Structures are given as structure tokens and as C-alpha cells.
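Could you walk me through this structure, one question at a time? I'm new to this, so please explain the terms as we go.

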Amino acid sequence: MATRTQKPTAKSSKDYLAEVIRGITDISEENIKKILDAFELVEYDKNTQIIKEGEITSYVYFVTKGIVKIYYHSSGKELIDWFAEEGTFIGNLYSHIMQKPGFDIYESIEDVSMLRAKYDKLETLFKHNHEIESAARKVIEQYYVKYVERVHHLKGLPADEKYHLFQKHYGDFVHRIPLKYVADYLGITSETLSRIRAKENKKKRIN
Amino acid sequence: MTKHADSLQETQAKELLRNMLITTVGVESAQLDPLMDLFELVSYKKNHAVIEEGIIADYFYFIFKGVIRVYYYKNDKMVIERFEKEGGLFGGNFTHLTKKPGTHIYESVEEVVLLRIKYSNLEELCKREHAIERVYRIMMEAFHSGYVERLFSFKSLSSEERYHEFILQYGEIANRVPLKDIANYLGMTPETLSRIRSKYDKSHQTKK
């Protein structure tokens with residue numbers, strides 16, 4: 001994986017995507033190339049809304065640098081669904097399939113580089129190529145598993161367990177997300193989260 | 001159940017599944033034949049755990065008759081995640097992919113008649129038949145969208161709106177599932193739900 005300090009190029013981004021696809025499924029290099037050809041590099045500054053509320057998405061994205069926050073508004077409050085980091089596919093599948101306006105907002109919380117492809121273009125590829133369709137299905141399965149684990153498993157847990165689980169899922173990139181976002185995502189106050197974090201750091205120092 | 005009645009049910013169940021796939025995916029009926037051959041009919045009495053906690057599920061299910069309650073335990077408290085009714089699909093939350101023992105229990109709320117297929121057989125067929133891989137891919141997407149929609153309506157709405165959404169999504173299931181289970185699912189007390197329900201019924205009677 002390219003280091004985060006370097007700005008990804010179209011070439012390095014596509015190499016990264018190819019590597020992730022190979023990790024998910026057995027696929028010929030010829031078909032990998034066909035998939036990569038459907039993608040283009042896009043870049044967004046920090047705090048840009050990539051997919052807006054009420055939009056019907058026509059793209060699927062693959063994050064090659066940065067973090068995207070996925071959230072929605074409810075009774076004037078911002079509720080965070082999840083965070084997408086490097087190596088993650090995003091795209092409002094719900095809005096695309098239902099052809100209904102999406103309720104989620106996708107916003108960069110760092111400068112972000114992504115590859116994107118039009119759903120239509122990919123659909124055509126799937127239709128004509130068995131191996132690529134199979135790869136797509138496996139990617140969707142993995143995405144779904146990840147989504148269920150992230151969103152669902154937090155329900156009903158005590159605050160400190162939620163945070164531990166969050167750390168486990170997200171690894172070292174926890175430190176790149178502003179504290180108030182993490183608190184919001186976990187459904188706890190920033191103060192509670194600070195307390196949990198301080199307790200943890202203390203434990204680490206003793207060990 | 002007699003053998004004859006069983007085979008009649010199996011034919012009807014497969015017809016229902018076939019039509020659902022044709023409508024959702026736009027596949028041709030004949031292309032579904034090898035898939036249908038892999039499904040078998042099973043039936044269970046009320047309150048039977050079709051998928052138990054702590055196992056890796058081998059089968060994917062289609063509900064022909066009955067209602068399934070999907071729940072798990074958190075800090076010794078039962079939490080109902082969702083219900084599945086006729087025409088619904090369920091399969092153990094992808095434990096066959098993660099290879100981690102499942103945390104969810106899939107239990108019949110009333111007597112259920114199901115079609116089931118082994119994941120390994122489905123996977124093998126997908127490799128051989130592009131049309132089936134296509135069916136699987138599109139169903140997977142639909143599955144995911146349904147999950148997202150349910151989760152969203154759960155988190156962002158008021159108690160009352162949640163109940164209305166529940167009626168919209170689940171229809172007459174609402175009358176077949178115990179009140180306390182629905183309250184658990186919607187994250188409110190049975191008392192609150194009773195209040196919302198009587199208000200709802202009243203306003204619907206007035207409209208009629």
C-alpha cells in the first residue's frame with residue numbers, strides 16, 4: 001500500500017484497487033484490467049460533500065486516500081452511520097437500486113482521493129462477463145458483512161465496549177477522526193469518550 | 001403431512017420463489033431450473049430455532065409460509081433485530097463467509113414452511129452458470145438495500161413514525177407477531193406501543 005503522505009496517482013490508485021480485488025476473488029489479469037478501465041481518479045478537499053442528501057447516486061467509489069464520513073440528519077441532529085477509510089468501496093447502493101433519493105451524506109473529513117466508476121458502465125461489464133460479475137458479488141458480500149458488523153454490533157453495548165469494538169474495526173485510523181465524530185458515531189457524549197480514552201491510555205502506560 | 005401434500009407445497013413454494021426472482025432480476029424462467037433443483041422443502045413448528053446461536057450457517061432460506069423472528073442477546077437481554085415473512089430470505093448473517101460463530105437466532109413465530117439451499121451448492125452453481133451468479137449478485141444488492149432502509153427508519157424516526165413504518169414494511173405481519181416482540185423490535189415499551197396502536201387503529205377506522 002502506498003503511504004498516506006504521498007498523493008496517489010491514477011496509476012498507484014488502480015494498482016491499489018487491483019490488489020484489493022485480487023484479495024477478494026480469483027480473477028484473471030485481463031478482467032482486472034477491464035474493471036480498472038471503468039474507473040477514474042477524483043480528488044476532493046477536506047469537508048466536501050461528495051454525495052449530497054437526496055441525491056440518486058450514479059457512481060461507485062473506492063477510497064485510496066483519506067477518510068469519508070457517512071451520516072444523515074434527523075430532527076436537526078447529525079447521526080453518523082460509519083467512516084470509510086482507504087481500501088473501502090462506497091456508494092449509495094440503496095439509492096441506486098431503489099432509484100430513490102438517498103438519505104445519507106458522504107463527506108470528506110480529510111483531503112480524499114478516490115477512484116470512481118459509473119454504475120451503468122459496471123452493470124454492462126457484469127452482464128457480459130461472468131468472472132467480473134462473480135467478483136462484484138463477492139465485493140458486495142464483503143461490504144455487507146463489514147457494514148453489518150460496524151453498524152449493527154454497536155447496538156446496546158456499554159460505552160467502553162463500544163469504543164473497544166470501534167478501535168478493533170478501525171485500527172490505527174481511530175486517531176485521524178475528530179473526537180466529537182467518534183462520540184457521535186458511538187452515540188455517547190464527547191466527555192464520556194474522553195474519560196474512556198484517558199482510562200485506556202493510563203492502562204497502556206502501566207502495562 | 002403426507003408425501004403428496006409435501007410435494008405439492010414444494011412445487012408451489014418453488015413457483016413463488018421463481019416468480020420473485022424473475023421479477024427482481026429479470027432472468028428467464030428456464031435459466032432458473034438448475035437453481036430450483038438445489039432447493040429443498042423443510043417445515044418447522046412454532047418457536048423452533050431454525051438457525052441457532054453460535055453456529056456457522058450452511059443454508060440459505062426462503063420463506064414460503066410463516067414468520068421468522070431474528071434476535072440476539074446483549075448483556076442477557078433479548079434484542080429483536082427484525083422479522084421476515086413470506087417471500088423473505090435469510091441466511092445466518094454471512095457466518096459462512098466470516099467463519100465466525102453466529103450471534104443471531106432465527107426462530108419461527110408460527111409454523112413455517114421454508115425452501116433451503118446449501119451455500120456450497122449455490123457457490124458451485126454460480127461458478128458454472130453466469131445467469132445464477134447474476135441472480136445472486138442482484139439479490140445480494142437488494143438484500144443490502146433492505147437492511148439499510150430498515151436500519152435508517154429505525155434510527156431516525158419517532159416512536160409513532162417507527163410503528164407506521166413497521167406497518168408499511170411488514171403489513172399484516174403486525175397482527176401475527178406478539179405485541180411485546182414488536183415493542184422490543186421498535187425499541188419501546190409494550191405500553192407505549194399499545195397507546196400508539198389504539199390511536200392508529202382509531203384514526204384508520206375514522207377514515208374508513
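Here are some questions and answers about the structure above.

Author: This is a predicted model, where local features need pLDDT of at least 70 and side-chain atom pairs count only at pLDDT 80 or more, while totals for chains, interfaces and linings use all residues. Residues are numbered from 1 along each chain as its sequence is written, and chains are lettered from A and ligands numbered from 1 in the order in which they are written.

Reader: Which strand gives the largest share of the largest nonpolar core?
Author: A nonpolar core is a set of buried Ala, Val, Leu, Ile, Met, Phe, Trp, Tyr and Cys residues joined through C-beta atoms within 7 Å. Buried takes 20 or more other C-beta atoms within 10 Å of a residue's own, exposed 12 or fewer, and partly exposed is in between, with C-beta atoms placed from the backbone. The largest core has 41 residues, and B:Tyr61 and B:Phe62 are among those with the most contacts inside it. Its largest share, 6 residues, comes from residues 59-65 of chain B, strand β3 (strands are DSSP runs of E, at least two residues; helices are runs of H or I, at least four; both numbered from the N terminus).

Reader: Is B:Glu86 buried or partly exposed?
Author: B:Glu86 sits in the loop between β5 (77-84) and β6 (89-90) of chain B. Leaving out residues up to four places away in sequence, B:Glu86 touches B:Ile63, B:Phe64 and B:Lys65 (contact is C-beta atoms, placed from the backbone, within 7 Å). Because B:Glu86 has 16 C-beta neighbours inside 10 Å, it counts as partly exposed.

Reader: How do α7(A) and α8(A) lie, roughly parallel or roughly perpendicular?
Author: The axes of helix α7 (residues 179-186) and helix α8 (residues 190-206) of chain A come within 9 Å and cross at roughly 105°. Axes are lines fitted to C-alpha atoms, for helices over the stretch in contact, and angles run from 0 to 180 degrees between N-to-C directions. Under 35 degrees is roughly parallel, over 145 roughly antiparallel, 65 to 115 roughly perpendicular and the rest oblique. So α7(A) and α8(A) are roughly perpendicular.

Reader: Which element gives the most to the side of chain B that touches chain A?
Author: The contact takes 23 residues from chain B and 23 residues from chain A. On chain B's side, α3 (95-98) and α5 (130-156) are the elements that give two or more residues. With 16 residues, the one that gives the most is α5(B).

Notes. Contact = placed C-beta atoms within 7 Å.
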